[in-house]
Amino acid sequence: MKEQNEEKNLEVLDFLGRAEAFFEKNKKTIITIVGAVVVVALGVWAYVGLYANPRQQQAAEEMFAAEQWYAEGDYEKALEGNDLYAGFLQVIDQYGGTKSANLAKFYAGVCELNLGKFDEAIDHLKGYKGRDTFTGAQAAMLLGDAYAEKDDMAEAASYYEKAARVSDNFVTAPTALFKAGVAYIALDKMDEAQRCFNTIKEKYNESPEWSEVDKYIAYAQNKKDNQ
């Protein structure tokens, strides 16, 4: 037993000796790496605490008036602002990279869609990074609406189906699938239309669209039979 303990002690001493030798040999490199890690950590702390967080706070405060105008349906003012308060476009330009600027892209897209500025709406809604499935699905569905307004029904159907995939619930999905089905009818793609309508019939019997879907399934079938 004593011999085993002595052997273990020798192994520990040998390991410590090799570790010390390695450190001495690579001391400058190790110190440089540790110093770099400390510098990076301090840099991240300073960026977040002294720049990013205050900038986000300022962006949120700047956007408050625009959100009020948006809630009131004054989309032009919400978008452009006035002499005293910023609109969503100014928040996007001045506070890029913040959560508020990202949200402002969603709001701006809705405003532009309501104002008939469909290309601008598409740009902003594509730039929005949905932080939850609900707003992500809403952005996709609004993109479908924008493309539908431009008579690009193929893109519209694609985004409607994306919205249904992103948020598979009784609120978003059946509405998105219904719109996709209508877009496919406009494209004379009756099989795809029926697939969307049948999904509503099979999965979303508690949705408002469910009560209407049978006649659309029949309409698509009739169109297909007469093609």
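What span should the 14 residues of helix H8 have at 1.5 Å a residue, and how far apart are its end C-alpha atoms? I looked this up before anything else.

**Ground rules.** I am working on a predicted model, where local features need pLDDT of at least 70, side-chain atom pairs count only at pLDDT 80 or more, and totals for chains, interfaces and linings use all residues. Residues are numbered from 1 along each chain as its sequence is written, and side-chain values use heavy atoms, with hydrogens and water left out.

**Helix H8.** I took helices as DSSP runs (H or I, at least four residues; strands are E, at least two), numbered from the N terminus. The expected span is 1.5 Å times one less than the number of residues. For H8, residues 153-166, I get 20 Å expected and 20 Å between the end C-alpha atoms, so the two agree. I then listed the buried residues of H8 (buried is under 20% relative accessible area, exposed over 50%, partly exposed in between; 1.4 Å probe, protein chains only). They are Met153, Ala156, Ala157, Tyr159, Tyr160, Glu161, Ala163 and Ala164. Their cover, counted by contact (heavy atoms within 4.5 Å), includes helices H6 (118-127), H7 (133-149), H9 (173-186) and H10 (190-203).

**Asparagine 102.** I found this residue in helix H5, residues 99-114. Its relative accessibility is 9%, so I noted asparagine 102 as buried. The side chain of asparagine 102 reaches the backbone nitrogen of lysine 129 at 2.8 Å.

**Salt bridges.** Side chains of opposite charge can pair when their charged atoms come close. My criterion was a side-chain nitrogen of Lys or Arg within 4 Å of a carboxyl oxygen of Asp or Glu. The search of the whole structure gave 7 salt bridges. I wrote up three of these pairs, beginning with lysine 203 and aspartate 168, whose closest N and O atoms are 3.2 Å apart. This pair links distant parts of the chain, with lysine 203 in helix H10 and aspartate 168 in the loop between H8 and H9, 35 residues apart. Lysine 203 is partly exposed at 43%, and aspartate 168 is partly exposed at 48%.

Next I checked aspartate 214 with lysine 201, where the closest N and O atoms are 2.8 Å apart. Aspartate 214 is in helix H11 (residues 213-225) and lysine 201 in helix H10, so the pair ties together parts 13 residues apart in sequence. Both count as partly exposed, aspartate 214 at 41% and lysine 201 at 34%.

I ended with lysine 215 and glutamate 212, a salt bridge with its closest N and O atoms 2.8 Å apart. Lysine 215 is exposed at 52%, whereas glutamate 212 is partly exposed at 34%.

Note on methods. A polar contact is a pair of N or O atoms within 3.5 Å; within protein, one must be able to donate a hydrogen and the other to accept it, and residues adjacent in sequence count only if both atoms are side-chain atoms.
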